[in-house]
Amino acid sequence: MSKEKTQIYSNGALTMKLIIGIFSILLSVIVGFQSCAAGVGEALTDSDSNGGGAGLILGFFMLAAGIITIATRKSKGGTITSIIIYLLGGIVALVNPSEIYGDLKVWMVVAFIFAALLIISLFMKNKNDYSDK
């Protein structure tokens with residue numbers, strides 16, 4: 001019987017990615033509804049800001065990143081993809097400030113926090129296990 005070295009993923013990192021993905025999907029719905037309301041408010045007041053549109057884009061990015069995070073939580077490439085999507089969504093929200101949609105700043109910070117947590121999960125040590133195969 002030979003012993004092969006197999007990779008066991010750290011339970012903390014996998015659980016964190018699952019929780020981030022679920023929260024991201026749930027929050028994307030809230031961001032989407034708030035963005036629609038902010039977009040209507042901006043249209044009615046003839047505002048020059050694009051906060052409603054930026055919020056919708058951030059909501060779609062959070063939805064996509066959440067799905068990718070859950071589906072590929074054991075993959076380093078999927079995690080990097082989710083990080084990039086969260087950062088892009090946060091940057092879109094950062095460059096489109098709105099007077100009406102103040103919560104956009106909160107969701108931008110949440111996207112940056114999710115990206116930071118996923119970056120930390122990339123550097124979590126994986127446990128090695130020797131098993132019989």
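## A helical chain seen from its buried residues

Gly89 lies in helix α3, and in this predicted model that glycine offers a convenient point from which to begin. Gly89 counts as buried because its relative accessibility is 0%, under the 20% that marks the limit for buried residues. Once residues up to four places away in sequence are set aside, Gly89 touches Leu58 and Phe61. Its C-alpha atom is also 8.7 Å from that of Phe112, although Gly89 and Phe112 are 23 residues apart in sequence.

### The chain as a whole

The protein chain has 4 helices and 2 strands, and when it is read along the sequence these follow the pattern β-α-α-α-α-β. Of its 133 residues, 37% count as buried. Among the contacts with a separation of 6 or more, 81% are accounted for by residues 24 or more positions apart. The chain exposes about 7700 Å², and carbon and sulfur atoms supply 69% of that area.

### The nonpolar core

The largest nonpolar core has 22 residues, and those with the most contacts inside it are Leu58, Met62, Tyr86, Trp107 and Phe114. The elements that give two or more residues to this core are α1, α2 (51-71), α3 and α4, and the largest share, 8 residues, comes from α4. One of the core residues named above, Leu58, is also touched by Gly89 of helix α3.

Two of the core residues named above, Tyr86 and Phe114, also meet through their rings. The count of aromatic pairs comes to 1, and in this pair Tyr86 and Phe114 are arranged edge-to-face, with 5.6 Å from centre to centre and 70 degrees between the planes. The pair links distant parts of the chain, since Tyr86 belongs to helix α3 (residues 76-95) and Phe114 to helix α4 (residues 103-122), 28 residues apart. Tyr86 counts as buried because its relative accessibility is 1%, and Phe114 counts as buried because its own value is 9%.

What is Tyr86 in contact with, leaving aside its neighbours within four places in sequence? The residues are Ile20, Ser24, Met62, Ala65, Gly66, Thr69, Ala111, Phe114, Ala115 and Leu118.

### Small residues along helix α1

Helix α1 (residues 11-44) holds Ser28, and both Ser24 and Gly21 are found in helix α1 as well. Each of these residues is buried, as the table sets out.

| Residue | Relative accessibility | Class |
|---|---|---|
| Gly21 | 0% | buried |
| Ser24 | 0% | buried |
| Ser28 | 7% | buried |

Their contacts can be followed one residue at a time, again without counting residues up to four places away in sequence. Gly21 touches Gly66, Thr69 and Ile70, while the C-alpha atoms of Gly21 and Ala64, 43 residues apart along the chain, are separated by 9.3 Å. Ser24 touches Met62, Leu63, Gly66, Tyr86 and Phe114, a list that includes both members of the aromatic pair. The C-alpha atoms of Ser24 and Met62 are 5.6 Å apart in space, although these residues are 38 residues apart in sequence. Ser28, in turn, touches Gly59, Met62 and Leu63.

### The surface and a loop

Helix α1 also contains Ile22, and this isoleucine differs from the buried residues just described. Is Ile22 buried or partly exposed? Ile22 counts as partly exposed because its relative accessible area is 40%, which falls between the 20% limit for buried residues and the 50% limit for exposed ones. Together with Leu18, Ile19, Phe23 and Leu26, Ile22 forms a nonpolar patch on the surface, and these residues have about 440 Å² of accessible area together.

Asp46 is placed in the loop between α1 and α2. Its phi is positive, at about 50 degrees, although Asp46 is not a glycine. Asp46 counts as exposed because its relative accessibility is 67%, over the 50% that exposed residues must pass.

Methods
Residues are numbered from 1 along each chain as its sequence is written. This is a predicted model: local features need pLDDT of at least 70, side-chain atom pairs count only at pLDDT 80 or more; totals for chains, interfaces and linings use all residues. Side-chain values use heavy atoms; hydrogens and water are left out. Rings of Phe, Tyr and Trp (its six-membered ring) pair if their centres lie within 6.5 Å; planes under 30 degrees apart count as stacked, over 60 as edge-to-face and the rest as tilted. Buried means under 20% relative accessible area, exposed over 50%, partly exposed in between (1.4 Å probe, protein chains only). Contact means heavy atoms within 4.5 Å. Accessible areas come from the Shrake-Rupley method with a 1.4 Å probe; for residues, only the protein chains shown count as cover. A nonpolar core is a set of buried Ala, Val, Leu, Ile, Met, Phe, Trp, Tyr and Cys residues joined through side-chain atoms within 4.5 Å. Patches are made of residues with over 30% relative accessible area and no salt bridge: like charges are joined within 9 Å, nonpolar side chains (Val, Leu, Ile, Met, Phe, Trp, Tyr) within 5 Å. A salt bridge is a side-chain nitrogen of Lys or Arg within 4 Å of a carboxyl oxygen of Asp or Glu.
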